[in-house]
Amino acid sequence: FTFLDKPDIQERARQEIEEVLGDSDTITYDHLMDLKYLENVINETIRFHGLNNNTMRVCTKDYKIPDTQFTVTKGMQVNVLADCFANECFYNPNELDPDNFDSKFGFTGFGQGPRNCIGMRYAYITLKLALVRTLIKVRVVKCE
């Protein structure tokens, strides 16, 4: 959907793919890791369209929230909304903009910390490979 709605993002991703792959007939792991803009497109699409809208954790020790009288007690469930820090963490939080990802602070698409998604690396590799295979063969456009 991102490529249909924002053709300039598709073109920039296609250009990056052409630059990274060059004349290579095969797509290697290193090629996929070098596709930084494409990864930003994936992240921004997940952030903007809300694949994971909250992260739930259980507090492991009492924590007093600074400058308040409230203490999160051990065992309490804490829900962090995915977009609660958007204005502080992204240049352009209300627009789908892959350049928001110069810094990944605030992105919770795959969770955060030691309990983040175990399949995150696999997901990135799979998504990048699928997008590369698609974008080197076709240009995605809206139908009339």
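Here are some notes on the fold, the helix packing and one buried arginine.

1. A word on the model: this is a prediction, so local features need pLDDT of at least 70, side-chain atom pairs count only at pLDDT 80 or more, and totals for chains, interfaces and linings use all residues. Numbering starts from 1 along each chain as its sequence is written, and side-chain values use heavy atoms, with hydrogens and water left out.

2. On the fold, you'll find six helices and four strands, where helices (H or I, at least four residues) and strands (E, at least two) are DSSP runs numbered from the N terminus. The order from the N terminus is α-α-α-α-β-β-β-β-α-α.

3. Contacts (heavy atoms within 4.5 Å) reach across the sequence: among those with a separation of 6 or more, 62% join residues 24 or more positions apart.

4. As for surface, the protein has about 10000 Å² accessible, and carbon and sulfur atoms hold 54% of that; the areas come from the Shrake-Rupley method with a 1.4 Å probe. Of the 144 residues, 31% are buried, meaning under 20% relative accessible area with a 1.4 Å probe, protein chains only.

5. Now α4 (residues 36-49) against α6 (residues 120-135): the two pack at an angle of about 110° with axes 11 Å apart. Axes are lines fitted to C-alpha atoms, for helices over the stretch in contact, and angles run from 0 to 180 degrees between N-to-C directions. That angle makes α4 roughly perpendicular to α6, a label covering 65 to 115 degrees. From α4, L38, E39, I42 and N43 make the contact, and from α6, Y124, L127, K128, L131 and V132. By class there are six nonpolar, one polar and two charged residues (Ala, Val, Leu, Ile, Met, Phe, Trp, Tyr, Cys and Pro count as nonpolar, Asp, Glu, Lys and Arg as charged, the others, Gly among them, as polar).

6. Helix α4 also packs on α2 (residues 7-21), here at about 145° with axes 8 Å apart. On the α2 side sit I9, R12, A13, E16 and I17, facing K36, Y37, L38 and V41 of α4. This contact has six nonpolar residues, no polar ones and three charged ones. Note that L38 appears in this list and in the α6 contact as well.

7. One residue to look at is R14, which lies in α2. R14 counts as buried because its relative accessibility is 12%. Leaving aside residues up to four places away in sequence, R14 touches L135, V138 and R139.

Terms used
Buried means under 20% relative accessible area, exposed over 50%, partly exposed in between (1.4 Å probe, protein chains only). Angles under 35 degrees count as roughly parallel, over 145 as roughly antiparallel, 65 to 115 as roughly perpendicular and the rest as oblique.
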